[in-house]
Structures are given as structure tokens and as C-alpha cells.
Amino acid sequence: MTYLSKTMILVAGLALAACTNPNRFEDQAGAGLGGGGFGAGAGSVSDPTSPAYFQQAIGDRVLFAVDQSTLSPTAQATLDGQAGWLMTNRDFTAVIEGHADEQGTREYNLALGARRANAVQEYLVSRGVAGNRLRVVSFGKERPIEICSDESCYAKNRRAVTVLAAGLGS
Amino acid sequence: MMRSLLTLLAALTLWAAPATSQQGGPLRLEITEGVIEPMPVAVPDFVADTPAAQEFARNIARVIAADLTGTGLFREIPAEAHISRITSFESPVQFADWRAINAQAMVTGAVNVDGAGRVVVRFRIYDVFAGQELGQGQQLVGQRDGWRRIAHKVADQVYARITGEGGYFDSRVVFVSESGPKNQRAKRLAIMDYDGANIQFLTDAASIVLAPRFSPTGDRVLYTSYETGFPRIYVLDVASVGRRALPTLDGTMAFAPRFSPDGRTVLYSLTQGGNTDLYSMDIGSGASTRLTTAPSIETAPSYSPDGRQIVFESDRSGTPQLYIMSASGGEARRISFGEGRYGTPVWSPRGDLVAFTKQSKGRFHIGVMRVDGSEERLLTASFLDEGPTWAPNGRVIMFTRETQGAQGEARLYSVDITGRNLRQVATPGGASDPSWGPLQN
């Protein structure tokens, strides 16, 4: 606990510094929209080293059952592809974004999305991706991609998306 | 008169005597809008002592009447029905004229704008049928732009003198103002009077912000923001709108903050390695203490008014349920046992009740239960109701209601703890996550 407290205070200092930056909103624009990193179609889908290939050919997302964070066989197959790609294209890091459908309270869905993102991270690490290349975040029910209020949309919203970002030290 | 006052008191204390039997169970009564007879009240325009006070004299009376009728406990007798006119604050009231239109309570007042440009309001509250004043007349003084607060303070006095309960009109609400489509919703922190007036934005729409929480004195607001790309907790000073991030551990998420009753400690959820637990942080030093260590989700914590216990939500049983534990952590006892999922518990200011969100059979409800889990009562039902917050007097709950479908929109509603008087709160656009602040000084 002592160690934890010291670390937290250190991080606090950094955060305070960040807050004094008058251009913080501009700098961070879009970061809160669940879409940091490369936009859709970065590079050509025919180029296997491109983010577009990762997103579209391999698949950048996996879906979950209601209230669940376990990975289905389909999800595991997608993540095997993601792991292989990340092992080959070592210049990239990724943020794994966990999401929930709108059935649930805001707080619970944030925690549930975190479980989903974490399940993906652990799987990718188990397949050999270095843990320090992966970060997780949950958006709970804040950023649905489908906006209807029935299961056809909910099924697509219960997701974890692996969003590529520029590599370590770049 | 005495009888009608007693009727009103009985209505306010209905909670203590559940009227559930004729409805066949608590699930029904609360959703039904029960009928009580609201007390007829006359609020004639206040007398303007000077021409400059004319507009205030009329508007203050209108806000007082709106506050009172908004409770569902009073019905205003419209000015067209008045027989007498109040043209002088000091002249004796013609009680017979007010009895004739069945006004049981009446508020009269006079407004002056003094040499310093301040608004000076004198008022009296009458028991019409008894032909006498209820308590002493009072004088309130405020700045011109504070006239609504003066009106709310008068209405709080009327409410308190007639019901014997504290009022809640001179209070503010901090919430999330929403705009844009559901898949790209822009969210900004905003603050307003309890009735939706005097709205002020506290953040821009660049980052998602969630669930602001007032400090006990209303001077600060805790909230969660995605400013860094990851959810973190910030504390904002209401007067200066300055803010700072609370310390956190890199690679974690922090959310669901809430102040302790003394304003010195923050309870919150921290997620690390996919697991969400409860922590408390001393705001002064930034030092955190971990309160739970289960592999389940623990979130949405709220202190008891004495600061000694915490009610929170956990899915340790397999579904989200409500639990109470000591403020220092340790063993927790489950208090929710009904069918469905429970979340976002909030301890009432009086300490006797917990308000919560319940999800059951595809519907959402706002409900209350005693702190031992007994006497659960659902107050609302809709596609999506969530996030209750208590009025300062513990009689009314405000919450978020979101409508269904692609065009779905969130709005704020209030309901009293008997399940009556469901009302939408006036906001200029979408709104969610209200936090009701204390009565102002």
C-alpha cells in the first residue's frame, strides 16, 4: 500500500502538469471518442502490413454475449490473427477498447467493458504479444456503434476493439 | 384549516405507512400516480414599492407558485379567480375574500429595489381559514440577478412552515448536458438551479464526462472525464471552474467518485487488470486505501450520512446487487434480494433509505428500500431509468430517463419518494447523471 500511494502521488504530479496546458482540449481532440489511433482505412487493405489490413482482413473487434467477458471460439480465432499480425508488425502498439450495450447502468457497464478489454489483452499476451504494447480502456455504454434499441444492435455494441497506434518510442 | 394541514402532513408521511395493500404489492403502487388532494394556495403578485420593482414583484410570485405546485402538494388558485387584490403589503388581509375561493394558504409580499440596486423582498404566509399568519414575516435581500434565489427561499419557508419538513427549492443540480447522435454524443458538465433555470456550462464537449457529484456544501464537483483518453477523476471548484485530476495509478481506470459527508474523502472505483474494486482517497494527501479485493465488480459506492458505512453495487453473487459494509472495508452484507439487477445505490440524507436503479424483465426502475433491504418500493418504470440523486430534504429523487431507439434521448426527471408527481426537469437539451446539491445559504 505504501508503494501504491507513492506511485499514485507521482502520477498526480504529471496529471496536474497536463491540466495546465492551455491547449489540452485541442491536443486531446478525438481521444475521448473511442477512436484514437489510426482511422479506418489507413493504408491499403491489400497491404498486409497496413492498419487497414488489420482492421478489415483480420478483424479489429470481437463480440461478447450479454454480461459476459469470455472469448468465444470465433473471437479467439480473430485474436489469433491479431496476435500474429502484431508479432509481425512490431512498430505498432494498440489500445483495446471495451464496450457494453445500453442495457445496464453507466458504472456497471464501464466495469464490464474493462473486463472485456482485459480478456482480449490477456489473450493477446498469451499468444506472445508483449504486454507493454497493449493498453486497455473501457467506454462502457458511452460509444455504441449501432444505435437501435434491440438485440441486433446490442450484439454489435458488446465488443472489444483493438485500435492500433504508433509504436513504442515513436 | 387545521384539518387540511393535517391531510398534507399525512401525505408527506405516507412512506411510513405503505399503502401497498390495495394494489397487491409494491411493484404497482409506485408506478401508479396516486391522487392526493393538493392544498389550494394563493400567491398574488407581490406589491411593487417602486416602479423598478414591478417586474420582480410579478416574477418572484410566479417562481414561488411554480415551486409550490411543482411538489404536487399544492394547487395554485389562479389570479383570475381572486376576488381581492393585494395592493398594500401592510393593509389587513380580507380573509373572507380568500376563504370564498377556498384558498387555504396564501403568500403575500412586497418588493423594493434599494439605493444600492439590491432587491429587497418582504413576505408573509397566511393560514387563511384561521385568519392568521403562519410564523413571522421576513425580509430577504439579494442582488438583482439573484431574484430567483430569493423567490426559492420564500417558497422554502412556505413549504417548511406548512409541511414541517425542510424545503429544497434554493438548491442547484450539476449534471451532464448531452447533444448529438447516440453514437457520437457530446457531453458537457453543466450546473443549474433545481428547476432548470440559470444553466451554466463547466466543461466543453471535447471529452466524454460522466456522473458529476456535488460536495456536501456544493463548493466542489467530482466527475469522470476521458480527457487523457482514459477515464480519470477530476475535482472542480464551482466558483472558479478550476479543476485538477486526482492522483491515479498509470494503466488503470478511475470512475464513480463520491464525496464523504465531511467532504475530505472520495470513494471511487478503480479498475486494474480488468478487475474493478472500491477505494477511498484522502483528497488532501492523495493517498488511497483499497476497500475491496474481490475478483467481482465493485462500483457505485455511496456513504451513509454519518460517514461510517458504504452502500455499493457488486456482482459477486453473479448479478449486480446492493451491499453495505463499513467505511473502512471488510465484510459486506447484501441488502437487495428482489428479482432483477440492482445498481447505483445512494444513501438518503436522512439515513433511513437507499435509492437505487433496478433492472428487471427488460425494464428499468428507480426505487427505494430501507437500509436493511426491507420495504422495497419501485417509484418509476421505463425503457431506461437510472442514477437517482436525493433532494436535500430526502423527499424527492431526480434521475436520468433515456428513451428507446436510434433517436433515443436522455432527460432529467423527478419523482417523490411515494412514487407520485413524476415530472420532467426543464433542460435546454439532452441531460443525464444529475447530482442534487445542498440547500444554499
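**B:Lys153.** I looked up the burial of B:Lys153 in this predicted model. With 22 C-beta neighbours inside 10 Å, B:Lys153 counts as buried, because the cut-off is 20 or more. I located B:Lys153 in helix 5 of chain B, which covers residues 147–163. Next I listed its contacts, leaving aside neighbours within four places in sequence, and found B:Leu140 and B:Asp170. I also checked one distant pair: B:Lys153 and B:Ser348 are 195 residues apart along the chain, and their C-alpha atoms are separated by 23 Å.

**B:Arg185.** I asked whether B:Arg185 is buried or exposed. B:Arg185 has 21 other C-beta atoms within 10 Å and is buried. I placed B:Arg185 in the loop between strand 8 and strand 9 (186–193) of chain B. Not counting residues up to four places away in sequence, B:Arg185 touches B:Glu178 and B:Gly180. For a distant pair I took B:Pro345, which lies 160 residues from B:Arg185 in sequence and 26 Å from it in space, C-alpha to C-alpha.

**Strands 8 and 31, chain B.** Strand 8 spans residues 171–179. I followed its pairing with strand 31 and found that the two run antiparallel, joined by six bridges. One of the bridge pairs I noted is B:Val176 with B:Ser432 of strand 31. I then checked the burial of strand 31 (residues 430–439): eight of its 10 residues are buried, so the strand is largely enclosed by the rest of the structure.

**Sheet 19-20-21-22, chain B.** I traced an open sheet of four strands in the order 19-20-21-22, with antiparallel pairing. Which strands stand at the edges? I found strand 19 (298–303) and strand 22 (329–334) there, each with a single partner strand, so one side of each is left without a neighbour in the sheet. The twist averages 30° from one strand to the next. Strand 19 pairs with strand 20 (residues 309–314) over four bridges, in the antiparallel sense. I noted the bridge partner of B:Tyr303 as B:Ile310, in strand 20.

**Chain B overall.** I counted five helices and 31 strands in chain B. The radius of gyration is 23 Å, close to the 22 Å that the globule rule gives for 441 residues, so chain B is as compact as a globular protein of that length. I read the extent of the C-alpha trace along its principal axes as about 75 × 55 × 45 Å. Of the 441 residues, 50% count as buried. I also looked at contacts with a separation of 6 or more: residues 24 or more positions apart account for 46% of them.

**Helix 4, chain A.** I moved to chain A and took helix 4, residues 73–88. Its 16 residues reach 23 Å from first C-alpha to last, close to the 22 Å expected at 1.5 Å a residue. I asked which residues in this helix are buried. They are A:Ala75, A:Thr78, A:Leu79, A:Gln82, A:Trp85 and A:Leu86. These buried residues cover an arc of only 120° around the axis, which puts them on the same side of helix 4. An α-helix has 3.6 residues a turn, so residues three or four places apart point the same way. On the other side of helix 4 of chain A I found A:Pro73 and A:Thr88 exposed. Last, I looked up what the buried residues pack against: helix 3 (51–59), strand 1 (61–63), strand 2 (93–99), helix 5 (106–126) and strand 4 (159–165) of chain A.

Methods:
Residues are numbered from 1 along each chain as its sequence is written. Chains are lettered from A and ligands numbered from 1 in the order in which they are written. This is a predicted model: local features need pLDDT of at least 70, side-chain atom pairs count only at pLDDT 80 or more; totals for chains, interfaces and linings use all residues. The radius of gyration is taken over C-alpha atoms; the globule rule is 2.2 Å times the number of residues to the power 0.38. A residue is buried if 20 or more other C-beta atoms lie within 10 Å of its own, exposed if 12 or fewer, and partly exposed in between; C-beta atoms are placed from the backbone. Two residues are in contact if their C-beta atoms, placed from the backbone, lie within 7 Å. The expected span of a helix is 1.5 Å times one less than its number of residues. The arc is that of the directions from the helix axis to the C-beta atoms. Two strands pair if DSSP finds at least two bridges between them. Axes are lines fitted to C-alpha atoms, for helices over the stretch in contact, and angles run from 0 to 180 degrees between N-to-C directions.
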